[in-house]
Amino acid sequence: METTPEPADGIRDIVDADVLKAFTHPLRNRLYDLLAVDGPATVSMLAERAGVAIGSVSHHLGILARAGLVIEAPELARDAREHWWQRAQRGVRWSSSGLADPAARTVADSLESQMLQEQHDRARQWLAERDARPEWAEVSFAHQSRLWLSPAELAELDEAIVALVRSYSGRDHDGREAVLLWARAFPNRP
């Protein structure tokens, strides 16, 4: 597995197809997200939150660990039998256009399609339950704009959005709820 140095922002650039393959199972994505939202957890805690068997969680954590995406957090264990897990980095990123290996590009494209479907499913779930949460329904939003940009301007917009989103990260969880934000920008003619 090819490794890259960890950038200062704590976001790992994935350039290896084997690491990308670790994300191709929906439960592994969910476990990675649970560790991001709730912080370090034991296998039994993750199994309960995900609603799956402990053995399944152990198996999928092993795959994520071999890919360098999660690590054990022994300092949290109360005894030798207790095993805590946490994400190995703050986050990950990849770009299929930045991958030289055709197999890695195929995996990245498939993974992106899978993640887009999961994002749409989560948005549909929110639409179905938003009436039960009026305080959030009033402030949730969807945004779509048609802009005329050059590739350089689109890159500049991406950097500005990332900087804005990062300015909201690292806040404590007191009185806050995990919020999913995603944005896509690409050339498109209606």
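This is a short tour of the structure, stop by stop, with a selection to make at each one.

**The whole chain**

Begin with everything displayed, and keep in mind that this is a predicted model. Colour by secondary structure and you should find 7 helices and 5 strands in the protein chain. Reading from the N terminus, the order is β-α-α-β-α-α-β-β-β-α-α-α. Switch to a C-alpha trace: along its principal axes it spans about 60 × 45 × 30 Å.

Now try a surface. The protein chain exposes about 13100 Å², with carbon and sulfur atoms supplying 55% of that area. Of the 190 residues, 26% count as buried. If you like contact maps, look at pairs at least 6 apart in sequence: 59% of those contacts join residues at least 24 apart. Colouring by charge brings up 22 positive and 29 negative charges, whose mean positions are 3 Å apart.

**Helix α2**

Next, select residues 26-38, which form helix α2. Its 13 residues reach 18 Å from the first C-alpha to the last, close to the 18 Å expected at 1.5 Å a residue. Which residues of α2 are buried? Show L27, R28, N29, L31, Y32, L34 and L35 as sticks to see them. Then step just past the end of the helix to G39, which takes a positive phi of about 85°.

**Three salt bridges**

The structure holds 10 salt bridges, and three of them make good stops.

Select R93 and D13 for one of these; their side chains meet at 2.6 Å, N to O. Because R93 lies in strand β5 (residues 91-93) and D13 in strand β1 (residues 11-13), this pair ties together parts that are 80 residues apart in sequence. R93 is partly exposed, with a relative accessible area of 31%, and D13 is partly exposed with 31% as well.

Move on to D18 and K21, which form a salt bridge at 3.9 Å, N to O. Both lie in helix α1 (residues 17-22), 3 residues apart, or about one turn of the helix. D18 is partly exposed at 44% relative accessible area, and K21 is partly exposed at 41%.

For the last stop, pick E112 and R184, whose side chains meet in a salt bridge (3.0 Å, N to O). This pair links distant parts of the chain, 72 residues apart: E112 sits in helix α5 (residues 102-129), while R184 is in the segment after α7 (151-166). E112 counts as partly exposed at 35% relative accessibility, and R184 is partly exposed at 39% relative accessible area.

Methods. Residues numbered from 1 in each chain as written. Predicted model: local features only at pLDDT ≥ 70, side-chain atom pairs only at ≥ 80, totals over all residues. Heavy atoms only, no water. Helix = DSSP H or I, 4+ residues; strand = E, 2+ residues; numbered from the N terminus. Buried < 20%, exposed > 50% of the residue type's maximum accessible area, 1.4 Å probe, protein only. Contact = heavy atoms within 4.5 Å. Areas by Shrake-Rupley, 256 points an atom, 1.4 Å probe, with all protein chains shown as cover. Lys, Arg positive; Asp, Glu negative; His and termini not counted. Charge placed at Lys NZ, Arg CZ, Asp CG, Glu CD. Expected span 1.5 Å × (residues − 1). Salt bridge = Lys/Arg side-chain N within 4 Å of Asp/Glu carboxyl O.
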